[in-house]
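Morning, everyone. Please bring up the sequence and the structure, and keep both in view while I talk.

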Amino acid sequence: MTEKIVRPSWDEYFLKLTFLVAERSTCRRHNVGAVIVRNKHILTTGYNGAPSGCKDCLELGCLREELKIVSGERHELCRGVHAEQNAIIQASVHGIDISGATIYCTHSPCLICAKMVVNSKIKRFVTYKDYPDENFKNLFREAGVEFIQIEMPKMEIFIKL
């Protein structure tokens, strides 16, 4: 008898990739990854960290930690660029149209990222984890961006022998 192998759904598959992308993060508080996809094709990826070519928080320390600022507040003090922002910026740098796409992210978006998602014409946002800023929900509803929160995908690989 052959054991049936259950493949992940497309949402689970692309969300799993966000964890690999998040490994490049240079944030001392959250490792966040994002993947923008259209028609089952990866368009761009992004992780949170300092602007390109600049010193990061692993090297400099975290001002938000020093000031004891809770997660989800005072984004303007953070040196880092959020994962969703970096994924959208990469599309711009490389001339990739992301309208109508889905963004997969390890965390739900802050309001700043949500505004960028809306203006980028991304139509779906898929995550498994809440970020402590729920202000995005009304904006997504108004703009028609579908927000999907799924269970944490199983992080295992089935090998056929």
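Start at Arg124. Not counting residues up to four places away in sequence, Arg124 touches Asp11, Ala101, Thr102, Ile103, Tyr104, Val145, Glu146 and Ile148. Arg124 lies in strand β4. Take Ser92 as a reference point. Ser92 and Arg124 are 32 residues apart in sequence, and their C-alpha atoms are 19 Å apart in space. One caution before I go on: this is a predicted model.

Next door in the sequence is Phe125. Phe125 also lies in strand β4. Is Phe125 buried or exposed? Its relative accessible area is 0%, so Phe125 is buried, the limit being under 20%. What does Phe125 touch, neighbours within four places in sequence left aside? The contacts are Glu84, Ile103, Cys105, His107, Ser108, Pro109, Val117, Phe140, Val145, Glu146, Phe147 and Ile148. Compare that with the Arg124 list. Ile103, Val145, Glu146 and Ile148 appear for Arg124, and Ile103, Val145, Glu146 and Ile148 appear again for Phe125. Phe140 is worth a distance. It sits 15 residues from Phe125 along the chain, with 9.2 Å between the C-alpha atoms.

Now the rings. How many aromatic pairs does a search of the whole structure find? Nine. One of them is Phe125 with Phe147. The centres are 6.1 Å apart and the planes make an angle of 35°. That pair is tilted, because the angle falls between the 30 degrees for stacked and the 60 for edge-to-face. The pair links distant parts of the chain: Phe125 is in strand β4, Phe147 is in strand β5, residues 146-149, and 22 residues separate them. The two partners differ in exposure. Phe125 has a relative accessible area of 0%, whereas Phe147 has 25% and is partly exposed.

There is an aromatic cluster as well. Its members are Trp10, Tyr13, Phe14 and Tyr104. You have met Tyr104 already, as a contact of Arg124.

Over to Val117. Val117 is placed in helix α5. Its relative accessibility is 0%, so Val117 counts as buried. Val117 touches Ile88, Ile103, Ile122, Phe125, Phe140 and Val145, again not counting residues up to four places away in sequence. Phe125 and Val117 are therefore in contact, with heavy atoms within 4.5 Å. Ile103 and Val145 come up here, as they did for Arg124. For a longer distance, try Cys57. Cys57 and Val117 are 60 residues apart along the chain, and their C-alpha atoms are separated by 25 Å.

Next, Glu65. Glu65 is found in helix α3, residues 63-66. With a relative accessible area of 34%, Glu65 is partly exposed. Which residues does Glu65 touch, not counting those up to four places away in sequence? Arg28 and Arg29. Arg29 is 36 residues from Glu65 in sequence, and the C-alpha to C-alpha distance is 8.2 Å.

Now backbone angles. Two lysines have positive phi. Lys40 has phi near 65°, and it is a residue other than glycine. Lys40 lies in the loop between β1 (33-38) and β2 (41-47). The relative accessible area of Lys40 is 54%, so Lys40 is exposed, the cut-off being over 50%. Lys121 has phi of about 70°, and it is not a glycine either. Lys121 lies in the loop between α5 (111-119) and β4 (124-127).

Zoom out to the whole chain. It has six helices and five strands. From the N terminus on, the order is α-β-β-α-α-α-β-α-β-α-β. The radius of gyration is 16 Å, which agrees with the value near 15 Å for a compact globule of 161 residues. Along the principal axes, the C-alpha atoms fill a box of roughly 60 × 35 × 30 Å. Of the 161 residues, 39% count as buried.

Contacts and surface, quickly. Among contacts with a separation of 6 or more, 57% come from residues 24 or more positions apart. The accessible surface comes to about 10,000 Å², and carbon and sulfur atoms hold 52% of it. Last, charges. There are 22 positive and 19 negative charges, and their mean positions are 3 Å apart.

Key
Residues numbered from 1 in each chain as written. Predicted model: local features only at pLDDT ≥ 70, side-chain atom pairs only at ≥ 80, totals over all residues. Heavy atoms only, no water. Helix = DSSP H or I, 4+ residues; strand = E, 2+ residues; numbered from the N terminus. Buried < 20%, exposed > 50% of the residue type's maximum accessible area, 1.4 Å probe, protein only. Rg over C-alpha atoms; globule rule 2.2 N^0.38 Å. Areas by Shrake-Rupley, 256 points an atom, 1.4 Å probe, with all protein chains shown as cover. Lys, Arg positive; Asp, Glu negative; His and termini not counted. Charge placed at Lys NZ, Arg CZ, Asp CG, Glu CD. Phe/Tyr/Trp six-rings, centres within 6.5 Å; stacked < 30°, edge-to-face > 60°.
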